[in-house]
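Visitor: I am new to this structure and would be grateful for a close look at a single part of it. Please choose one helix and describe it together with its surroundings.

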Amino acid sequence: MALKVIGASLRDQTEMFWLSVKNRLSQGQSIGESHEINLIERMAISINYLPEKVKECFLDLCSFPEDKQIPLDALINMWVEIHDIPETEAYAIVVELSNKNLITLMKEPRYATSKIFLTDFISWFSCFTCWNKQKGHSNTLLMF
């Protein structure tokens, strides 16, 4: 999604502009505030189109630290208890979020287990979205 936002901003730009963006990105700098806003807006649209139960589960991800692995069993058990859904539905939600690149599903072949990984942006975005939704009294789990 970030690549789409960056690509759209580069469309019809000069070679000099492209080089400037390349240099800023290679140094870990932001392209500009408008690009960050565009990325947040596009992410919000993606989240808003999720089915309500999937959206609620996505927002629960703000309960976990960024850049850490989350045991799949723990996440599924949490969703089963909080959202009163069967394990099969919870796993289907994991797969849907993974297919939409909102989480990374990692399989541990040595242990026949799986874990979830949240990037710092996805973790931040789930918290940002959850915090904004809390103003409307969401049932999402928040742990600060």
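**Helix α6 and its surroundings**

Guide: From the N terminus on, the elements of the protein follow the order α-α-α-α-β-α-α-β-β-α. The model is a predicted one, and it holds 7 helices and 3 strands. Of the 144 residues in the protein, 35% are buried. Among contacts between residues at least 6 apart in sequence, 59% join residues at least 24 apart.

The part chosen here is helix α6, which covers residues 87-99. Its length can be checked by a short calculation. The expected span of a helix is 1.5 Å times one less than its number of residues. For the 13 residues of α6 this gives 18 Å, and the C-alpha atoms at its two ends are 18 Å apart, so the expected span and the model agree.

The next matter is how α6 is placed with respect to the rest of the protein. A residue is called buried when its relative accessible area is under 20%, and exposed when that area is over 50%. By this standard Ala90, Ile93, Val94, Leu97 and Ser98 of α6 are buried. Seen down the axis of α6, these buried residues fall within an arc of 135°, and they therefore line one face of the helix. On the other side of α6, Thr88 and Asn99 are exposed.

A second helix meets α6. Two packed helices are described by the angle between their axes and the distance between the axes. Helix α4, residues 52-60, has an axis that comes within 10 Å of the axis of α6, and the two cross at roughly 75°. Angles of 65 to 115 degrees count as roughly perpendicular, and α4 is therefore roughly perpendicular to α6. The residues that meet are Lys53, Val54, Cys57 and Phe58 from α4, and Glu89, Ile93, Glu96 and Leu97 from α6. By class, this contact of α4 with α6 has 5 nonpolar, no polar and 3 charged residues. Two of the names in the contact, Ile93 and Leu97, also appear among the buried residues of α6.

The chain on either side of α6 also deserves attention. Before α6 comes helix α5, residues 72-83. With 12 residues, α5 should span 16 Å, and its end C-alpha atoms are 16 Å apart, which agrees. Buried residues of α5 include Leu72, Leu75, Trp79 and His83. Just after α5 stands Asp84, in the loop between α5 and α6. Phi of Asp84 is near 55°, a positive value in a residue other than glycine. Asp84 has a relative accessible area of 69%, and it is exposed because this value is over 50%.

Just after α6, Asn101 likewise takes a positive phi, of about 60°. Leu102 lies in the loop between α6 and β2. With a relative accessible area of 5%, Leu102 is buried. The C-alpha atom of Leu102 is separated by 8.2 Å from that of Phe58, although the two residues are 44 apart along the chain. Phe58 is one of the α4 residues that meet α6.

Further along the chain, Ser114 has its place in strand β3, residues 113-117. Ser114 is buried, with a relative accessible area of 18%. Leaving aside residues up to four places away in sequence, Ser114 touches Pro71, Leu72, Leu105, Met106, Lys107 and Glu108. Leu72, one of these partners, is itself among the buried residues of α5.

Terms used: Residues numbered from 1 in each chain as written. Predicted model: local features only at pLDDT ≥ 70, side-chain atom pairs only at ≥ 80, totals over all residues. Heavy atoms only, no water. Helix = DSSP H or I, 4+ residues; strand = E, 2+ residues; numbered from the N terminus. Buried < 20%, exposed > 50% of the residue type's maximum accessible area, 1.4 Å probe, protein only. Arc of directions from axis to C-beta. Axes fitted to C-alpha atoms, helices over the stretch in contact; angles between N-to-C directions. Parallel < 35°, antiparallel > 145°, perpendicular 65-115°, else oblique. Contact = heavy atoms within 4.5 Å. Nonpolar A, V, L, I, M, F, W, Y, C, P; charged D, E, K, R; others polar.
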